[in-house]
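Trainee: Got a minute to go through this one with me? I'd like to poke at a few residues.
Mentor: Sure, put it up and ask away.

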Amino acid sequence: MRAGADVLLFSYLPLYLDGYVGETRYWLISLMPATPALIRLIMAPHWGRRADAAGSQRSYVVMGLLAYSVLLALLPSITQTESIVLLTALSAIPFSAFNPVARSWLTLQQPAKGLLRLARWHQWEACGYFVTAGLVGWLAMDEVASLVPLMRWMAGALAVCALVVIVFTRDMPAAVALSEFQALRRAAARLARGSGRRVLPLSLLAFVLVSSLGWEAVANMFGLYFTKEVGGPLHLYGAVISASTLVSMAVYGLMADFGRKRGWRALLRFAAWGYTGMYALMAVRSPWTVGAAYLIPMSTFVHTACNVFVTEHVPEGQRGTALGRIESVEAGTILVGALAGGLLADHFGLYAVPLSVLAASLLLHAVAAKAQR
């Protein structure tokens, strides 16, 4: 359900603002994902550190689900873009806890199967994207106003999910005692400085940064680019979004096995070429070609590379911190990438977005080569 809420908020809300609210300023529409991303950039590392400490961490998951629920319940009653952006930003403070805390929980429950469990997480997440994207595409068809009842329905469903978590799950396992947490963090930091090691390698974080910047610039404007620039119908857009999640569901399982055998560096190398090819296809002015390019599951390579490193090289007591940092970097790229995509579209037209990220994707090859060394 949480993945479904993300699809509704970040894949269709720009179309909702354009077609229902009547917003014509692309840069302001781009603030829809950018502003909550700023909050995630600040808060995700904090929630990740909390996931490494003792306590009833289950409450953080419940808090995140309820924040999504309240946001979706209130959105239909607001008709000003600025107010929608502000509400989403405030809701992002609690819902930014969901991802790092829940994923850390999965790796700690069965450490030997941490990579497989994270792959399953992404597959279930993709399943949520698929169901919601298909449902939204069918309901909206050529009229985005029909999304309003769906927002209210999903708000209720997320509240029920929060209740299920409260009733049927146990507290998450803790890596360390809360009283020892700060002392151990300081000791680990001193040890890392003395050995020259970091929780995460800079080359991995740099690849996440560059790849996510380009993708967020495209993804934020993709609905408008697909429907207005290349002439794709809204129902085909919904089919493309749904199909892309099906592809991701299948690929995450394969990538986990590939990453275990070949390592995270090989995944980055393949991802660099994949991103370049995907953006080149998106620059072709054909809805079918652009739709096919969107189906290429490049984010699965990057996510799996991160999962491989975290589960195989990061101690259990620092996994929440590592996942929180990755979440923070991705959130920062949403902020910058979404704004960049909106500004490019405003000043140079929607077609400038895929062309720009195609050129920027060449940096990924340099970062991947650096990781090999």
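Trainee: Cysteine 306 first: buried or exposed?
Mentor: Buried, because its relative accessibility is 2% and the cut-off for buried is under 20%. Keep in mind that this is a predicted model.

Trainee: And what about cysteine 161, how does that count?
Mentor: Cysteine 161 comes out at 27% relative accessibility, so it counts as partly exposed.

Trainee: How many disulfides does a search of the whole structure find?
Mentor: Zero.

Trainee: OK, switching to serines. Where does serine 244 lie?
Mentor: In helix α10, which covers residues 234–262.

Trainee: Is serine 244 buried or exposed there?
Mentor: Buried: its relative accessible area is 12%.

Trainee: Which residues is serine 244 in contact with, leaving aside neighbours within four places in sequence?
Mentor: Two names to look for: Tyr294 and Leu295.

Trainee: Now serine 356. Which helix is that one found in?
Mentor: Helix α15, residues 352–360. Serine 356 has 32% relative accessibility, so it counts as partly exposed.

Trainee: What does the side chain of serine 356 reach?
Mentor: The backbone oxygen of alanine 352, at 2.8 Å.

Trainee: One more: how far apart in space are serine 356 and alanine 283?
Mentor: They sit 9.8 Å apart, C-alpha to C-alpha, with their positions 73 residues apart in sequence.

Notes. Residues numbered from 1 in each chain as written. Predicted model: local features only at pLDDT ≥ 70, side-chain atom pairs only at ≥ 80, totals over all residues. Heavy atoms only, no water. Helix = DSSP H or I, 4+ residues; strand = E, 2+ residues; numbered from the N terminus. Buried < 20%, exposed > 50% of the residue type's maximum accessible area, 1.4 Å probe, protein only. Polar contact = N/O pair within 3.5 Å; in protein donor to acceptor, adjacent residues only side chain to side chain. Disulfide = S-S within 2.5 Å. Contact = heavy atoms within 4.5 Å.
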